[in-house]
Amino acid sequence: MPTADPASFAYQHHRLDAQLRAHLLDIVGADFAGALQRLQRWHRALERHIDIEDTRLLPHVPEGARWNAHLYRVEHDRIRLLADEYLQKVRAAAARPPRGTRAQRSAVLVLLDAAHSLRHLLEHHHEREEMALAHELPAALQQAAWSRARAPSA
């Protein structure tokens, strides 16, 4: 794990990445039902993560920041779109699991290919946030935003 500080972008991103990786391991094992459950949990966590960034952090991006808040929001929109499209593909595979080894392997390959663009975008987006945004926003603001994310929901 890159950092043990739950109030850091790196920690938050690592948690999301670990969830997505666990989902992909289910895909590789052709466990489409398990993969769907994990992906749905990841998707909910991703939505919470983006919501925190959009509402609690991005409004505070300072003038002269390396990248403005608009760029992060555009990337968030693209991430949501790709995540939603991928979720639909996994739902379809879970609803009608392929029978036979060759069909399963083919479905696995199709889903891994479908996840590639999403993973690539997430990787670069997370790097951008960790490289710039994490250093441009006040630590206390980040602490407050991510601490509320860890609080039990009502």
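1. Start with arginine 96, which sits in the loop between helix H3 (69-95) and helix H4 (101-136). This is a predicted model, and in it arginine 96 counts as exposed because its relative accessibility is 71%, over the 50% cut-off. Its C-alpha atom is 9.9 Å from that of alanine 33, although the two positions lie 63 residues apart along the chain, counted as a separation in sequence.

2. Now the overall picture. The protein chain has 5 helices and 0 strands, so there is little to say about the order of elements beyond α-α-α-α-α, which is how the chain reads along the sequence. The C-alpha trace spans about 55 × 30 × 25 Å along its principal axes. Of the 154 residues in the protein chain, 42% are buried. If you take contacts between residues at least 6 apart in sequence, 77% of them join residues at least 24 apart.

3. Next, H1 and H2. What angle do the axes of helix H1 (residues 9-28) and helix H2 (residues 32-57) make where they cross? Roughly 160°, with the axes coming within 8 Å. Anything over 145 degrees counts as roughly antiparallel, and H1 and H2 are therefore roughly antiparallel to each other. The crossing of H1 past H2 is left-handed. On the H1 side the contact includes Phe9, His13, Leu16, Leu20 and Ile27, and on the H2 side the residues met include Phe32, Leu39, Trp42, His49, Glu53 and Leu57. Sorted by class, the contact of H1 with H2 has 12 nonpolar, 6 polar and 4 charged residues.

4. The turn from H1 into H2 has a detail to look at. Alanine 30 is in the loop between H1 and H2, and its phi is positive, at about 60°, although alanine 30 is not a glycine. For background, most residues other than glycine have a negative phi.

5. H1 also packs against H4. The axes of H1 and H4 come within 11 Å and cross at roughly 175°, so this pair is roughly antiparallel too. From H1 the contact draws on Phe9, Ala10, His13, Asp17, Leu20, Leu24, Ile27 and Val28. From H4 the residues involved include Val108, Leu111, Leu112, Arg119, His126, Glu129, Glu130 and Leu133. By class, there are 13 nonpolar, 2 polar and 4 charged residues in the contact of H1 with H4.

6. Histidine 13 deserves a point of its own. It lies in helix H1, and its relative accessibility of 1% is why histidine 13 counts as buried. Which residues does histidine 13 contact, leaving aside its neighbours within four places in sequence? They are His49, Glu53, His126, Glu129 and Glu130. Of these, His49 and Glu53 are in the H2 side of the H1 and H2 contact, while His126, Glu129 and Glu130 are in the H4 side of the H1 and H4 contact.

7. The partner in H4 can be read from its own end. Histidine 126 is in helix H4 and is buried, with a relative accessible area of 5%. Not counting residues up to four places away in sequence, histidine 126 touches His13 and Asp17.

8. On to the aromatics. The structure holds 1 aromatic pair. The rings of phenylalanine 9 and tryptophan 146 have their centres 5.7 Å apart and their planes at 85°, which makes the pair edge-to-face. Since phenylalanine 9 lies in helix H1 and tryptophan 146 in helix H5 (residues 139-150), the pair ties together parts that are 137 residues apart in sequence. Are these two residues buried or exposed? Both phenylalanine 9 and tryptophan 146 are buried.

9. Last, leucine 137, in the loop between H4 and H5. Despite the loop setting, leucine 137 is buried, with a relative accessible area of 4%. Leaving aside neighbours within four places in sequence, leucine 137 is in contact with Phe9, Leu57, His60, Val61, Pro62 and Gln142. Phe9 here is the phenylalanine of the aromatic pair. For a long-range distance, leucine 137 and alanine 35 are 35 Å apart, C-alpha to C-alpha, and 102 residues apart in sequence.

Terms used. Residues numbered from 1 in each chain as written. Predicted model: local features only at pLDDT ≥ 70, side-chain atom pairs only at ≥ 80, totals over all residues. Heavy atoms only, no water. Axes fitted to C-alpha atoms, helices over the stretch in contact; angles between N-to-C directions. Helix = DSSP H or I, 4+ residues; strand = E, 2+ residues; numbered from the N terminus. Parallel < 35°, antiparallel > 145°, perpendicular 65-115°, else oblique. Left-handed = near helix turned anticlockwise from the far one by under 90°. Contact = heavy atoms within 4.5 Å. Nonpolar A, V, L, I, M, F, W, Y, C, P; charged D, E, K, R; others polar. Phe/Tyr/Trp six-rings, centres within 6.5 Å; stacked < 30°, edge-to-face > 60°. Buried < 20%, exposed > 50% of the residue type's maximum accessible area, 1.4 Å probe, protein only.
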